[in-house]
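Please take a walk through this structure with me. We will stop at a few sites and look at what surrounds each one.

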Amino acid sequence: MDRSWTPSRWRDLPAEQQPEWPDPHVLDQTLKSLSALPPLVFAGEARSLQRALAEVAAGEAFLLQAGDCAESFHDFTADSIRDKLKVILQMAVVLTYGAGVPVVKLGRIAGQFAKPRSSATEFVDGQWLPSFRGHVVNDDEPTLAGRTPDPTRMLTAYHQSASTLNLLRAFTKGGFADLSQVHTWNQQFVAGSPGGQHYDALAAEIDRALRFMRACGINLGGEASLQQVDFWTSHEGLILSYEEAMTRRDSLTGDWYDTSAHLVWVGERTRHPGGAHVDFLSGLSNPVAAKIGPDATPADVVGLCAALDPDRTPGRLTLITRLGAGRAPAILPGLLAAVRDAGHPVVWACDPMHGNTFTGQGGRKTRHFDHVLAEIREFFAVCRAAGAWPGGVHVELTGDNVTECLGGADEVLENQLELRYTTTCDPRLNASQSLDLAFHVADLLRGH
Ligand code: TRP
Ligand code: MN
């Protein structure tokens, strides 16, 4: 670790995607308040996640990173958090039971409020407005007042992250995630779908296995591993003043940790080694990740590894490819080989969402389940051919019964997109599509 690094060093570097806050005084006051607030996560937890990711890097576990594209200040209820967790637990159980591989559960949640944009302004309803950058910056409502960046939103984001995390900790440690509850995670509107029925059958097998162990005289009530899960949080570390204010020195080790989440990642647009975002992540002791798009060269990716994982620490760096269906066979082998030759023990994960977004006939941004699955299949095939472990998937989903992505076994059709399209940003898999995907990934993990 570079001892001259400080959490504010990024300020001397080119920082893309930062909002133009209108009032520097309010910004200053907000950042002061944020720096004085308690950390959201503890450094020791971030170290535990890094150890879990080291197992993924070694090919002994699988990473499931999932959650909303962008969390919303408007749609913030206990039910929506619980329902998202239900889907993630269902997917995790399908992967763990179906493939017999431990699953590291990492939410895109409790802090995923910022969105990178391709342009600073956009033309809506006859006027130019600042682009929507996520609720930590401005409102999605297309008015000048709504779109003007407001630094006090960072405090709202902090408090919403704190209550989300509190509920997640309660659910995952307080009985809700107990394997004896495996049936109750299947929501009513999912239960009738092909994925939901497939899930019910798997849940019944788990019930039988638990009954069998109980009948053998094993006291399952004393087994914390059956009753609780470790659930980690992550988001894109985009708004650097927010991340800086949340970064604290760990009293045990003296190292710097961004306490806004267990893991933060840099996006495809901000992953330049000379830029502010990579510099910021380079000094953190949290595990970190980077998105890798189709234009990244092997040299780019090796440069990124040198900046973010100079000590070649297993679990420190996760590389998340988002290439688009059809592109991995040409692009991925070169990246895998270059990173292996440079000696970085990274986790390779596949984001099959962001390279497969298109605008449907009705003008809605969407993704097709078949393209999502195709990219994952290619990821597995290319990794296997190269002798690399296909370490995980990164998906955007919701527990709600939305119609934002096309296809799936309970097929969403183009003319149904209008029915329940509620995302503030990218289209998300609904609960049955997410389950379908988990069954396919479990098959791939088993080698089918
Ligand atoms: N604790 C184990 C794990 O996290 C088993 C487990 C308990 C589990 N509840 C779960 C697995 C819910 C998946 C989903 O893997
Ligand atoms: Mn997205």
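**The shell around ligand 1**

Start at ligand 1, whose surrounding residues are Leu89, Ala92, Val93, Lys105, Ala177, Leu179, Trp185, Ser225, Leu226, Gln228 and Val229. A residue is near a molecule or strand here if one of its heavy atoms lies within 4 Å of it. The model is predicted: local features need pLDDT of at least 70, side-chain atom pairs count only at pLDDT 80 or more, and totals for chains, interfaces and linings use all residues. Residues are numbered from 1 along each chain as its sequence is written, chains are lettered from A and ligands numbered from 1 in the order in which they are written, and side-chain values use heavy atoms, with hydrogens and water left out.

What classes of residue make up the shell around ligand 1? It has 8 nonpolar, 2 polar and 1 charged residues. In this scheme, Ala, Val, Leu, Ile, Met, Phe, Trp, Tyr, Cys and Pro count as nonpolar, Asp, Glu, Lys and Arg as charged, and the others, Gly among them, as polar.

Which helix gives the most to the shell around ligand 1? Helix 3 does, with 3 residues. Helix 3 and helix 8 (224–227) each supply at least two residues of this shell. Helices (H or I, at least four residues) and strands (E, at least two) are DSSP runs, numbered from the N terminus.

Now look at the polar contacts, which are pairs of N or O atoms within 3.5 Å; within protein, one must be able to donate a hydrogen and the other to accept it, and residues adjacent in sequence count only if both atoms are side-chain atoms. A nitrogen atom of ligand 1 lies 2.5 Å from a backbone N or O atom of serine 225. For alanine 177, the distance from a backbone N or O atom to a nitrogen atom of ligand 1 is 2.7 Å. A polar backbone atom of glutamine 228 is 2.9 Å from a nitrogen atom of the ligand. On its own, ligand 1 has 350 Å² of accessible area, and the protein covers 84% of that. Accessible areas come from the Shrake-Rupley method with a 1.4 Å probe; for residues, only the protein chains shown count as cover.

**The manganese ion**

Next comes ligand 2, a manganese ion. Which residues coordinate the manganese ion? They are Cys69 (SG), His354 (NE2), Glu396 (OE) and Asp426 (OD), at 2.2 to 2.5 Å. Donors are N, O and S atoms within 2.8 Å of the metal (3.2 Å for Na, K and Ca); water is not among the atoms, so sites may look incomplete. Along the chain, the donors follow the spacing C-x284-H-x41-E-x29-D. Cysteine 69 and glutamate 396 link distant parts of the chain, 327 residues apart. Cysteine 69 sits in the loop between strand 1 (62–67) and helix 3 (78–99), while glutamate 396 is in strand 14 (residues 392–396).

Are these two donors buried or exposed? Cysteine 69 is buried, at 0% relative accessibility. Glutamate 396 is buried too, with a relative accessible area of 0%. Buried means under 20% relative accessible area, exposed over 50%, and partly exposed in between (1.4 Å probe, protein chains only).

**An enclosed strand**

Move on to strand 10 (residues 317–321). Here 5 of the 5 residues are buried, so the strand is largely enclosed by the rest of the structure. In a regular strand the side chains alternate between the two faces of the sheet. In strand 10, Leu317, Leu319 and Thr321 point one way, and Thr318 and Ile320 point the other way. Strand 9 (residues 288–292) runs parallel to strand 10, and 5 bridges join them. Two strands pair if DSSP finds at least two bridges between them. Opposite isoleucine 320 in strand 10 stands lysine 291.

**A hairpin and positive phi**

Strand 3 and strand 4 pair in the antiparallel sense over 4 bridges. Valine 124 stands opposite glutamine 127 in strand 4. Their hairpin has 2 residues between the strands. Aspartate 125 lies in that loop, between strand 3 (121–124) and strand 4 (127–130).

Most residues other than glycine have a negative phi, and most peptide bonds are trans. Aspartate 125 has a positive phi of about 45 degrees, although it is not a glycine. At 70% relative accessibility, aspartate 125 is exposed.

Glutamine 17 also has a positive phi, near 65 degrees. Its place is in the segment before helix 1 (24–36). Glutamine 17 is buried, with a relative accessible area of 13%.
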